[in-house]
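Good morning, and thank you for coming. Today I should like to take you through one protein structure, beginning with the whole chain and ending with a few single residues.

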Amino acid sequence: MKNFFYLLLAILVSCSSPQNENREGKTGSVLLKNAKILRGDSTPVIENGNILIENGRIAEVGAGVTGQGAEEVDLSGKTVMPAIMCTHAHIGVVKDTTASGANYTRENIIRQLKKYASYGVLHVQALGTDRPLLFQNGLYDSLRNGSGEGARLISAGFGFNVPQANVNPSSTQGLVYRPSSASQVPAEMDSLAKLGINTVKIWVDDFNKTVPKMNEEVYHAIIDEAHKRNMKVAAHVYYLADARRLVADGIDFLAHSIRDSVVDDALLAMMKSKDVVYIPTLSLDKFAYAYGGETEWINDPFFKESLEPGVYEMISSEKYKNDTKNSPAYARNQNAFKIAMANAKKIFDYGIKVALGTDSGAFPIRTQGFAEHLEMQLLSEAGVPVSDVIAIATNNSAQALGLRDFGTIGAGKVADLLVLDADPMQDIKNTRKIFSVYKAGVKVK
Ligand SMILES: [Zn+2]
């Protein structure tokens with residue numbers, strides 16, 4: 001009986017070891033050789049170095065690093081950077097040209113996490129549109145700890161929005177909390193905390209005067225009750241005045257750009273002193289108006305392959321172009337993007353922590369995988385130096401998510417790596433020239 005137990009244990013251990021899958025019959029670990037290495041932090045670029053991976057983690061990195069008996073992979077001419085992380089995404093709700101809670105199935109979630117992984121994105125934080133099935137039968141645990149397929153998932157569970165009459169439960173926000181007063185918040189926060197989540201999502205916006213905005217008393221209570229339970233709060237935000245009140249109230253993440261006004265010094269100082277993380281989601285604001293005109297990416301296979309079926313036909317049609325251009329929101333959206341770009345630069349320059357987020361997966365045009373690479377391009381176009389853009393997409397985002405084992409190429413970190421055919425320091429769009437992706441030292445198929 002005891003022997004049988006040890007046999008069972010040995011089988012379990014060998015099945016769960018990421019290193020094992022990598023061996024392909026060879027013994028030992030993996031040595032990635034002769035690559036340019038962008039470590040994701042402020043340390044200098046390694047022009048020609050090696051990375052030794054053991055048991056899914058980086059054991060050593062640098063020029064001349066060797067590994068006795070390791071499987072060697074020659075990466076001459078390639079550039080290696082940490083895998084990308086997206087701190088504002090949505091999972092499972094889009095399918096084809098629709099966005100709906102009815103699309104939220106285990107299969108759809110895993111399909112999308114695999115798509116992110118194939119684009120070099122190995123962590124996504126889903127902000128507030130998840131559904132109970134994620135928290136059943138161990139699904140969330142397996143997706144969060146990386147033993148499931150695709151990108152690792154961090155969930156904010158069910159977010160908080162304003163009361164609304166006749167909410168359709170199968171709409172994307174059909175299951176979010178909708179407290180009508182601050183007194184309802186503690187019980188709702190208790191039920192959310194039971195899911196084992198770290199971040200709470202709130203929406204504070206009137207969506208161009210189409211819905212009532214969450215009142216300050218309610219979001220004040222949400223922030224307080226979340227903090228009491230060691231959870232952080234991420235706010236959907238649009239207006240400067242709301243950002244100012246949220247920051248004063250203790251918000252942890254501004255999960256979109258401030259898009260109505262350029263930020264002033266008083267808010268910058270308050271964001272900095274309170275360690276607020278800013279997630280610009282510039283790609284969302286670009287997608288909101290881009291197809292009213294010409295885009296440089298519309299026929300790029302890297303973009304097209306990221307799209308859900310039917311979306312290319314939709315966005316490239318004359319009708320879609322005209323509807324976008326003639327929409328009363330067109331000028332507002334163009335202007336919002338301009339202000340968002342200016343604010344991203346100003347906030348970055350002030351030394352406030354910026355993390356990468358896109359809102360990909362909330363709607364079909366916010367396409368998962370491509371959006372994260374476009375976001376890096378837009379941060380660069382906003383004036384953020386490329387080395388900092390890479391840090392934003394990796395180390396800063398890992399820190400924002402509280403993931404100490406991820407985000408840089410350094411000894412002890414999990415070997416989540418993106419291997420590129422060209423160097424993004426020369427052109428940020430080179431992050432799209434993906435040669436291979438490693439998740440915990442195992443090549444993603
Ligand atoms: Zn979102």
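I shall begin with the overall fold, then turn to some helices, and close with three loop residues.

Please keep in mind that this is a predicted model. The secondary structure of the chain comes to 15 helices and 17 strands. Along its principal axes, the C-alpha trace spans about 65 × 55 × 45 Å.

What radius of gyration would a compact globule with 445 residues have? The expected value is near 22 Å, and the chain has 22 Å, so the two agree. As for burial, 49% of the 445 residues count as buried. Consider also the contacts with a separation of 6 or more: residues 24 or more positions apart account for 71% of these.

Let us now look at helix α3, which runs over residues 106-118 and has 13 residues. From its first C-alpha to its last, α3 reaches 18 Å, close to the 18 Å expected at 1.5 Å a residue. Which residues of α3 are buried? They are I109, Q112, L113, K115, Y116 and A117. Students may note that K115 and Q112 appear in this buried group beside I109 and L113. The elements covering the buried residues of α3 include the strands β9 (121-126), β10 (152-155) and β16 (434-439), together with the helix α4 (139-144). Just after α3 comes G120, which takes a positive phi of about 85°.

Next, I turn to the packing of helices, with α7 as our reference. Helix α7 covers residues 240-249, and helix α8 covers residues 265-273. Their axes come within 10 Å and cross at roughly 30°. That angle makes α7 roughly parallel to α8. On the side of α7, the contact is made by A243, R244, V247 and A248; on the side of α8, by L267, M270 and M271. The crossing of α7 past α8 is left-handed.

Helix α7 also packs with helix α6, residues 216-228, at an angle of about 40°, and their axes are 10 Å apart. Is the crossing of α6 past α7 left-handed or right-handed? It is right-handed. Here α6 contributes E216, Y219, H220 and I223 to the contact, while α7 contributes R245, L246 and D249.

Finally, let us consider three residues in loops. The first I shall mention is N55, in the loop between β2 (46-54) and β3 (57-62). N55 has a positive phi of about 55°, although it is not a glycine. With 15 other C-beta atoms within 10 Å, N55 is partly exposed.

D96 is found in the loop between β7 (94-95) and β8 (98-99). What is the value of phi for D96? It is near 50°, a positive value in a residue other than glycine. D96 has 13 other C-beta atoms within 10 Å and so is partly exposed.

The remaining residue, I298, has its place in the loop between α9 (282-290) and α10 (301-304). I298 is partly exposed, because 13 other C-beta atoms lie within 10 Å. Leaving aside residues up to four places away in sequence, I298 touches F303 and S316. I298 and M85 are 213 residues apart along the chain, and their C-alpha atoms are separated by 24 Å.

That concludes my presentation, and I thank you for your attention.

Note on methods: Residues are numbered from 1 along each chain as its sequence is written. This is a predicted model: local features need pLDDT of at least 70, side-chain atom pairs count only at pLDDT 80 or more; totals for chains, interfaces and linings use all residues. Helices (H or I, at least four residues) and strands (E, at least two) are DSSP runs, numbered from the N terminus. The radius of gyration is taken over C-alpha atoms; the globule rule is 2.2 Å times the number of residues to the power 0.38. A residue is buried if 20 or more other C-beta atoms lie within 10 Å of its own, exposed if 12 or fewer, and partly exposed in between; C-beta atoms are placed from the backbone. Two residues are in contact if their C-beta atoms, placed from the backbone, lie within 7 Å. The expected span of a helix is 1.5 Å times one less than its number of residues. Axes are lines fitted to C-alpha atoms, for helices over the stretch in contact, and angles run from 0 to 180 degrees between N-to-C directions. Angles under 35 degrees count as roughly parallel, over 145 as roughly antiparallel, 65 to 115 as roughly perpendicular and the rest as oblique. A crossing is left-handed if the near helix is turned anticlockwise from the far one by less than a right angle, and right-handed if clockwise.
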